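Work through the following exercises on charged side chains with the sequence and the coordinates at hand. Each task is followed by a solution in steps.

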Amino acid sequence: MEALELLTNLLASTLRLATPLLLTAMACLLSYQVGLINIAVEGLMLSGCFIAVVAGAQIGYAWGGVLLACIVGAAMGALFALFVTTLRADLIVTGLAMNFFVLGTTAYLLQILFGVYGSYTPGDLKSLPIWRIPVLSEIPFLGKAFFQHPPLIYVSWLAIPLTAILLYRTRAGLHIRAVGVNEEAARTAGISVTRIRYLALTLGGLLCGLGGAHLAVGELALFRENMTGGRGFIGLAAVYFAAGRPFLAALACLLFGFFEALQFRLQTTVSIPYQFFQMLPYLMVVIMMVLISVRENLRRGRGGI
Amino acid sequence: MTPFLELKRISKSYPGVLANDAVDLSVEAGEIHALVGENGAGKSTLMRILYGLEHADRGEILLEGSPVHIPNPNTAISLGIGMVHQHFQLIPPLTVAENVALGLEPTHHGFIERAALIERVDQLSRQFGLEVDPTQRVQDLSVGIRQRVEILKLLYREARLLILDEPSAVLTPQEVESLFEVIQRLAAEGRTTVFITHKLREVMAICQRATILRRGRVVDVLHVAETSPAEIARLMVGNDVEPIRRQGESQPAARELHLDSLSALDDRGLPALSDVSLSVFGGEIVGLAGVAGNGQQELLEVLIGLRKLVAGEIWLGETHCTELPGRQRRELGLAIIPEDRKLEGLSDALNIWENLVSTRYYRPPHSHHGYLHIGRIQNDAADLMNQFDVRASGPNIQLGTLSGGNAQKAVIARELASQPRALIAAQPTRGLDVGAARYVHEQLLALRAAGLAILLISADLDELLSLSDRFLTLFEGRIVGELSAAEASRTKLGLLMAGQDLEEAALAGREKEMAIPE
């Protein structure tokens, strides 16, 4: 019975930890499909965290913070699109610069606005409420694992099929995929490549803002410097692992979420320094990416490594 | 009567090049009009302007008598102008229907109406006898079918003016035949076609008039019925061209290159080469015919050592070198002119001398113990440039600034500097103008006379027929049919390239039926 309890808790925390990964992964997926590597996701997400807490505290409701985080995320996504399409700035360097810009700016604003260093917890801001899904949440064990979570978790589950439908069933999605495979061909077919890229990056920014909001006000209601801690990059890795397929990317995120949940458990139960377990999810990323590359090389008949 | 399309004094310059110099073009409704000229004569630029992909510096475009402004392809499409590009503008992972409708899909609240789309494309494909399955993915289609998808794209957009940019370059002679049928059917329907080409046979076969460009200028407009291929050729090149011909029988000497039952996979893990065996002897040119994409690229990569063999052996002279890396194969006397000189032959960012020494820099006399003797290398490079007529102000010039012909000469200079015993030349004149191509052909014949073993991989039948002593054909990764110079003909090679069995074809009497106008 105790083992089952443990498993339930592990599952529940896997889902919670995977949520921001799922949302950024869907953002990365859109940019992957439109042919751009969006390494700015980390910064977009962090700005979502910051806005969710600050705006939430000002408005008095965490939901207000979530809404603004989405808007600011989308705006930042559009800004990134402006730099890399209209102004033709280098994708990687601009992405890196945006990440560091957000990292520095949020830390700086923390000091001048609230006079605090490192982290900020507004006293009067409550995190989003737990949503218990009627009936389903009453199921023993499963109910606790799947149906008693903060609301954005369910949103992240919805985001996966919605992204898939957008990409594979709508006109906009077809254009996104077309631009990603062959920009010139899309242009000669009369598609505005720039507009499609703005669309994909702006939507991606919105998803990143949402992911950041979940981190900040989904369960706790606080902002910490660099609280995204590389989650954006893990979302990116998940998309490459899945070669741009939405459901496979989601699966990869769940796997990373599981490893993160596992390392939290092990930290408290095993006497190995906890940093070792913190390293595990990232080690997984490296191993996975190497495995993919080896598989690819084998397929191409170029030898294993 | 007002012409359907009129271009008046169109000029366009790029830094250092005047691509179009006051070009006039007039095309009647329902006409198939040839736009001919050598590579770099400005044909593609002119058509890209008409399609809105480039903008003219000066000049005007009239459609059915009224001036139009075409800032982008969207405007061109809405005016009824469609273009099939030389490099297909398709999205391989998408289906035929999705590619055809791209940008103009039938939708309901943003969702694509798949059934209606497939129905429409299927109907169009049947109406024009194109026989394309709209639900197939483009990546699974042959080149000939892909081109039909491109044509479907234009029909779907209800194009009245079709621009075809060197549409036959990637097709087998038989595929060219069926393309011509399609074009003629469209013309009979009243659609107007501008046909860009530098193959005179095609101009004579289906066009009514030809506008000839040379160095960005119109040199003449001819009625095809009143002219001859020789006259068009003379106008294109600017002087009389005598076709080059191999002289005398080859004097085969020792076997220099021997491939024994090679098998290899392509990038997708599918068989690209199956049981390929061939030998090349000193003093002969063996022509390996084949439409691009039938294993040529993989064969080249296997020979250089970039791709692993699944089975088979490679021999250079008496040395078994299947397991040897590329550098050692080169030291044993292998030289390669790769298919894509920009991608695999040269580095644009480096200087000419660096490119010229890139296969030999690591050993004396060019370097000692890892230290490069730059002065010595540059002197040698200057000598090579003289010897092979690479025109630039010196070896210290960045390679990327050279023209296609000069860059190809640089590749040849480097490859021959190591005094090889076997040379593999893959599409050695692709993208070169007549003068540069002729130079390359003369070089190959000179090397043959000097006793080199040469494997010429090409899709250009004229090139193959005028140079080769023997012919092999590569089809779907296999060697099909060997022909001697006496047996070989355009028709036979064409059939082999299309994967037909010669005997069967002869029995069925198809050889005549499929004959290409010579």
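**Salt bridges and burial**

**Exercise 1.** Determine whether Glu183(A) is buried, partly exposed or exposed.

*Solution.* In this predicted model, Glu183(A) has a relative accessible area of 32%. Because buried requires under 20% and exposed requires over 50%, Glu183(A) is classed as partly exposed.

**Exercise 2.** Find the salt-bridge partner of Glu183(A), and place both residues in the secondary structure.

*Solution.* The side chain of Glu183(A) forms a salt bridge with that of Arg197(A), at 3.6 Å from N to O. Glu183(A) belongs to helix α8 (residues 183-188) of chain A and Arg197(A) to helix α9 (residues 193-218) of chain A, so that the pair links distant parts of the chain, 14 residues apart. Arg197(A), with a relative accessible area of 11%, is buried.

**Exercise 3.** Explain which parts of chain B are tied together by the salt bridge between Asp469(B) and Arg448(B).

*Solution.* The two side chains meet at 2.9 Å, N to O. Asp469(B) lies in the loop between α16 (461-467) and β23 (470-475) of chain B, whereas Arg448(B) lies in helix α15 (residues 434-449) of chain B, and the pair therefore ties together parts that are 21 residues apart in sequence. Asp469(B) is buried at 9% relative accessibility, and Arg448(B) is buried at 7%.

**Exercise 4.** Assess the burial of Arg414(B) and Glu415(B).

*Solution.* The side chains of Arg414(B) and Glu415(B) form a salt bridge at 3.1 Å, N to O. Arg414(B) has 5% relative accessibility and counts as buried, and Glu415(B), at 1%, also counts as buried.

Notes: Residues are numbered from 1 along each chain as its sequence is written. Chains are lettered from A and ligands numbered from 1 in the order in which they are written. This is a predicted model: local features need pLDDT of at least 70, side-chain atom pairs count only at pLDDT 80 or more; totals for chains, interfaces and linings use all residues. Side-chain values use heavy atoms; hydrogens and water are left out. A salt bridge is a side-chain nitrogen of Lys or Arg within 4 Å of a carboxyl oxygen of Asp or Glu. Helices (H or I, at least four residues) and strands (E, at least two) are DSSP runs, numbered from the N terminus. Buried means under 20% relative accessible area, exposed over 50%, partly exposed in between (1.4 Å probe, protein chains only).
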